[in-house]
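Work through the exercises below with the model open beside you. Try each task before you read its solution.

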Amino acid sequence: MEKVTHGRIMGIDVSRDWLDIHCLPDGQRHRIPNTDDGHVAVSDLAHDQRAVVCFEATGGQEWRLWFHLEDAGVETRQVPPAQVKAFARSLGTRAKTDRIDAELIARFLVFRPEAGRTLPAEHLRLLRALTTRRAQAVEMRKRLLAQIRAHQKSGTAELFEDIDVELKERLDVAIAELESRISELLGRDRHLADTARILRSVPGIGPVASSTLIAELPELGAITGEQAAALTGLAPVAQDSGTLRGRRAIAGGRRALRHVLFQAALVASHHNPMLKVFADRLRKAGKPHKVIVTAVARKLVIIANALCKKRRKWEPRHP
């Protein structure tokens with residue numbers, strides 16, 4: 001326990017109705033309703049024990065508790081479910097209950113005291129919500145267009161033409177409105193607006209990629225390039241054993257951000273002078289298209305991180 005600043009940890013398994021709590025190092029257990037009064041009880045318990053509170057990302061059910069704990073001055077971490085699951089496998093834990101999950105979350109933070117992230121500032125939370133919603137609307141439009149093409153091939157397009165046209169128009173309007181709100185939000189915060197200008201100075205990084213980078217990677221500029229690549233899931237993972245040298249592959253990271261960076265990399269590999277040379281060199285070496293795009297995306301996020309750290313725009317001679 002000496003690794004953790006306060007020496008005490010409260011792991012919480014968050015469900016719709018209940019908060020199952022496991023306290024370390026004494027092993028106390030509590031079950032508290034996931035209500036406003038329950039959140040007050042959790043913050044009081046955390047203050048009494050001078051504990052760090054941690055819980056998994058649960059698709060939003062943890063946000064109200066997170067807001068209350070932050071306002072109450074309780075140190076709080078949101079930890080990645082995939083890492084907690086891998087930690088459980090390493091312990092040989094197969095059983096799964098809310099009480100077991102709460103203990104695993106607490107023990108994971110003992111094992112990885114630097115893991116997890118703190119509550120983002122209000123503007124970042126709003127930006128993340130808007131960029132996520134925009135991505136969902138774009139995906140809906142993409143699926144609709146695929147359905148329209150399928151109808152055209154089968155000769156049934158006229159049956160659905162009115163519905164398809166109306167749906168596409170509504171999605172177009174929704175996406176445009178979300179993009180306008182994202183731009184407006186970035187303009188209200190001087191630091192975020194400055195960061196967006198720096199990112200958009202890089203050929204290949206447009207409005208969507210820049211806003212997603214800011215929303216999904218708030219650590220940008222405060223970490224190393226290698227850490228930035230790892231957080232986005234663009235760092236190659238070794239697959240070596242003994243004399244065997246396996247093929248490197250990417251894994252983990254923030255999926256939504258990685259998807260946007262792949263799109264940015266496609267543009268950068270043709271229109272960014274430095275990255276075009278890099279991509280052409282990989283093509284001549286016979287590298288597969290996916291490998292090239294991944295490598296360019298990794299270079300992009302490393303460049304973006306370096307520029308944000310130095311707070312200056314991109315220049316072709318000094319990437």
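The exercises go from the whole chain to a sheet, a helix, a pocket and some backbone details.

This is a predicted model, in which local features need pLDDT of at least 70 and side-chain atom pairs count only at pLDDT 80 or more, while totals for chains, interfaces and linings use all residues. Residues are numbered from 1 along each chain as its sequence is written, and side-chain values use heavy atoms, with hydrogens and water left out.

**Exercise 1. The whole protein**

State how many helices and strands the protein has, and what share of its residues count as buried.

Solution. Step one: there are twelve helices and seven strands. Helices (H or I, at least four residues) and strands (E, at least two) are DSSP runs, numbered from the N terminus. Step two: 39% of the 319 residues count as buried. Buried means under 20% relative accessible area, exposed over 50%, and partly exposed in between (1.4 Å probe, protein chains only). Step three: the C-alpha trace spans about 60 × 60 × 45 Å along its principal axes.

**Exercise 2. The sheet**

Find the order of the five strands in the open sheet, and name the edge strands.

Solution. Step one: the order is 3-2-1-4-5, with mixed pairing. Two strands pair if DSSP finds at least two bridges between them. Step two: strand 3 (29–33) and strand 5 (76–79) are the edges, since each pairs on one side only. From one strand to the next, the twist averages 25°. Angles run from 0 to 180 degrees between N-to-C directions, and axes are lines fitted to C-alpha atoms, for helices over the stretch in contact.

Step three: strand 1 (residues 9–14) is parallel to strand 4 (residues 52–56), with four bridges between them; M10 stands opposite V53 in strand 4. Helix 2 (residues 63–71) packs on the sheet, and its direction makes about 165° with that of strand 4. Helix 4 (residues 98–111) also packs there, at about 140° to the direction of strand 1.

Step four: strand 4 and strand 5 pair in the parallel sense over four bridges, and F55 has Q78 of strand 5 as its bridge partner. T76 and Q78 point one way from strand 5, R77 and V79 the other way, and all are buried.

**Exercise 3. Helix 7**

Which residues of helix 7 are buried, and what covers them?

Solution. Step one: in helix 7 (residues 190–200) the buried residues are L192, A193, T195, A196, I198 and L199. Step two: their cover includes helix 5 (122–154), helix 6 (157–188), helix 8 (207–216) and helix 12 (289–310). Contact means heavy atoms within 4.5 Å. Step three: at the N-terminal end, D189 caps helix 7, with a side-chain oxygen 3.0 Å from the backbone nitrogen of H191.

**Exercise 4. The second largest pocket**

Which helix supplies the largest share of the lining of the second largest pocket?

Solution. Step one: the lining has 22 residues, and R134, A135, A256, H259 and V260 lie nearest the centre of the pocket. Step two: helix 5, helix 8 and helix 10 (255–271) each supply at least two lining residues. Step three: the largest share, eight residues, comes from helix 5.

**Exercise 5. Backbone details**

Find where the cis peptide bond from L24 to P25 lies, and locate R50.

Solution. Step one: the bond from L24 to P25 is cis, with omega near 15°, and P25 lies in the loop between strand 2 and strand 3. Step two: R50 is in the loop between helix 1 (36–49) and strand 4. R50 has a positive phi of about 50° although it is not a glycine. R50 is exposed, with a relative accessible area of 60%.

How values were computed
A polar contact is a pair of N or O atoms within 3.5 Å; within protein, one must be able to donate a hydrogen and the other to accept it, and residues adjacent in sequence count only if both atoms are side-chain atoms. On a 1 Å grid over the protein atoms alone, a cavity is a set of points where a 1.4 Å probe fits but cannot get out, and a pocket is an open set with protein on both sides within 12 Å along at least five of seven lines; lining residues have an atom within 4 Å of a point.
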